[in-house]
Amino acid sequence: MMAAPDPIRSIVIAGGGTAGWMAAAALARRLERHAVTIILVESSEIRTIGVGEATVPGIRDYFRDIGTTGTEVMKATNGTVKLGIEFADWRQQGHRFFHPFGLYGSPSRGVQFHHYWLKLQAAGRGTPLADYCLASALAADNLFMPPPEAPQNDLGTFDWAVHFEAAAFATFLAGRAQADGVRHVDARIAGTEMDSATGHIAAILLNDGGRIEGDLFIDCTGFRALLIGQALAVPYIDWSDLLPCDRAVAMPCTRADPLTPYTRSTARAAGWQWRIPLQSRVGNGYVYSSRHISDDEAVATLRAGIEGEALADPNLIRFTTGKRAQVWAGNCIALGLAAGFLEPLESTSITLIQTGIERLLDFWPDRNVDPALRTEYNRIADDEYQRIRDFLILHYWGNQRHGEPFWDAMRAQALPHDLQRKIDLWQSRGRFVRYLWESFGDPSWLSLYVGLGLTPRHYDPLADFFTEADLEGAFAKMRDAVARAKALAIPHERFIAEHCRN
Ligand code: FAD
């Protein structure tokens, strides 16, 4: 006979950075009307990582789930709009391409748009891919508008994310979480007490002598991974052989350039530099491989590559790319940097926190924590991290920066099997491979393949249904549709001033 669940009555969140407060705000909302206490413990003596300011469009689902909007968040965090990422100098010096949050062109007769586009390219009658994507068109002229609710077709719509100040975002979430009943404890976690019968964490021990019991523990203690790594000894899988960047230096500056509605990633000698435009400042950072340059050289490169006056000393961060072998062990779920880290090339860490929370709610256990739930949760997390990892590798592997040791090594590396299969199918006839739990869809892969100049051997033969002249006529109409939609937009700077100024 089916028994009633023995529900979770107490949740302890360790850590109060982006991960901790995202979890607190979301769980407080979703668990309202359940008799459960949520306590977040953090130490004001231990700094948060202080970076993590660019997101992907899925973040707007999180905003909705906690009862807020992108506009409200941008207002509270000096935020701006993000329509995608501009990649400068990745293919080779002087070359740029854009990875938009949007779709390209219209498919026809069951054949994807890009095959027709490739057909015209092959005939020497090509036009830029970006001409068929509204998000790219808006970004090119620093424009924005909320996407239409009922677009006439794919050409009239796009997706968007936000940039925000990390500390302000955590403060914003903390306010909401506490208003929804989350208890905040400022204390240093000094250890854990284990339940010898189950191997679960029974309580965390504080250095002021306090002790906090819980049924479920969420480890958001950042790279320290106090619970999942230190208490439960779950090993870390190191992927630095595939993504060798292992350090970053971050330094904000004043803004001199326009308020762009996108992140910029510029390839450098031993990695890449980010530029994240905010209302208050510009976030900059150089992600690099310490085997290829020294910290001093990285700092000097960053200083020379920022547009305004530095607003803080360089913040040096070391990391190891990879993930925990299990992100859920016993009664402890790791989120954020405690769970793993993939460099911020596509701004995926915050989205992984979000999907980690959503999946936890989807697999919500009772106090016995059925191992079957854990196993499936971990299997999905493995897939999700690996898919993102592979997408990041493509950015490096596809470079044509010949004669630069870091970039030569990235081109020469052996690829993971699943990624190799994707590239093989693209190169054969422009075919995408989509696995379960992909964070990036076909348009993202298309942006990268085309942006890096990876041309397939041929396009889909079924695209020959249309003549080149047919296609040229249809393509002109698509460009017109993008231009008409774009004409409704306003400058991003004006949108922010009118809707998102604090
Ligand atoms: P942290 O911010 O490190 O927070 C850890 C918390 O644990 C703190 O509150 C601390 O006080 C607490 N703590 C630790 N030890 C103890 C203790 N003993 N007792 C009590 N409390 C303790 N992600 C994106 O999505 N987009 C980006 O653009 C992006 N850029 C990044 C750039 C770099 C260089 C790096 C390294 C990361 C970037 N990330 C980005 C990742 C992003 O910063 C993190 O995923 C996010 O900030 C979550 O961090 P966290 O909350 O897990 O850890």
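Where is Ala225 found? In this predicted model, Ala225 sits in the loop that runs between strand 12 (216–219) and helix 7 (226–231). Its backbone is a little unusual to look at: Ala225 is not a glycine, and yet its phi is positive, at about 45 degrees. As for cover, Ala225 has a relative accessible area of 1%, so it counts as buried, the limit being under 20%. Arg33 also has a positive phi, near 75 degrees, and is likewise a residue other than glycine. Arg33 lies in the loop between helix 1 and strand 2 (37–42). Here the cover is another story, because a relative accessibility of 86% makes Arg33 an exposed residue.

Two further loop residues are worth a look, starting with Asp208. This residue is placed in the loop between strand 10 (201–206) and strand 11 (211–213). With 56% relative accessibility, Asp208 counts as exposed. Its side chain still finds a partner, reaching the backbone nitrogen of Gly210 at 2.9 Å. Along the sequence, Asp208 and Arg188 are 20 residues apart, while in space their C-alpha atoms are 7.7 Å apart. The other loop residue is Glu53, found between strand 2 and helix 2 (59–65). Glu53 has a relative accessibility of 7% and therefore counts as buried. Its side chain makes a polar contact with the side chain of Arg281, at 3.1 Å.

Next comes helix 10, which covers residues 371–397. Its 27 residues, at 1.5 Å a residue, should span 39 Å; the C-alpha atoms at its two ends are 38 Å apart, so the expected and modelled spans agree. Most of the helix is covered, with 19 of the 27 residues buried. At the start of helix 10, a side-chain oxygen of Asp370 comes to within 2.9 Å of the backbone nitrogen of Ala372. Further along, helix 10 also holds Asn378. Asn378 is buried, because its relative accessible area is 8%. A polar atom of the Asn378 side chain lies 2.9 Å from the backbone oxygen of Trp328.

Aromatic rings turn up in pairs throughout the model, and the count comes to 30 aromatic pairs. One of them joins Trp445 and Tyr449, whose ring centres are 5.9 Å apart. Their planes meet at 45 degrees, which is neither under 30 nor over 60, so the pair is tilted. Both residues belong to helix 13 (residues 442–451), where they are four residues apart and therefore separated by about one helical turn. An α-helix has 3.6 residues a turn, so residues three or four places apart point the same way. Trp445 counts as buried because its relative accessibility is 4%, and Tyr449 is buried too, with a relative accessible area of 1%. Elsewhere, Phe87, Trp90, Phe97, Tyr396, Phe406 and Trp407 come together as one aromatic cluster.

Some rings have a charged neighbour over the face. Arg109 lies over the face of Phe465, at 3.6 Å from the ring centre. Lys323 takes up a position of this kind over Tyr385, at 5.6 Å from the centre of the ring.

That leaves the ligand. How many residues surround the ligand? The shell is made up of 33 residues, and the closest are Gly16, Ile46, Ala54, Ile189 and Ile350. Helix 1 (18–30) and helix 9 (349–362) each supply at least two residues of this shell. The largest share, three residues, comes from helix 9. Oxygen atoms of the ligand also have polar backbone atoms of the protein beside them. For Gly16, a polar backbone atom is 2.9 Å from a ligand oxygen. For Ser43, the distance between a polar backbone atom and an oxygen atom of the ligand is 3.1 Å. Leu337 places a backbone N or O atom 2.9 Å from an oxygen atom of the ligand. Taken alone, the ligand exposes 1000 Å², and the protein buries 98% of that.

Terms used
Residues are numbered from 1 along each chain as its sequence is written. This is a predicted model: local features need pLDDT of at least 70, side-chain atom pairs count only at pLDDT 80 or more; totals for chains, interfaces and linings use all residues. Side-chain values use heavy atoms; hydrogens and water are left out. The expected span of a helix is 1.5 Å times one less than its number of residues. Buried means under 20% relative accessible area, exposed over 50%, partly exposed in between (1.4 Å probe, protein chains only). A polar contact is a pair of N or O atoms within 3.5 Å; within protein, one must be able to donate a hydrogen and the other to accept it, and residues adjacent in sequence count only if both atoms are side-chain atoms. Rings of Phe, Tyr and Trp (its six-membered ring) pair if their centres lie within 6.5 Å; planes under 30 degrees apart count as stacked, over 60 as edge-to-face and the rest as tilted. A charge sits over a ring if NZ of Lys or CZ of Arg is within 6 Å of the ring centre and within 35 degrees of the ring normal. A residue is near a molecule or strand if one of its heavy atoms lies within 4 Å of it. Accessible areas come from the Shrake-Rupley method with a 1.4 Å probe; for residues, only the protein chains shown count as cover.
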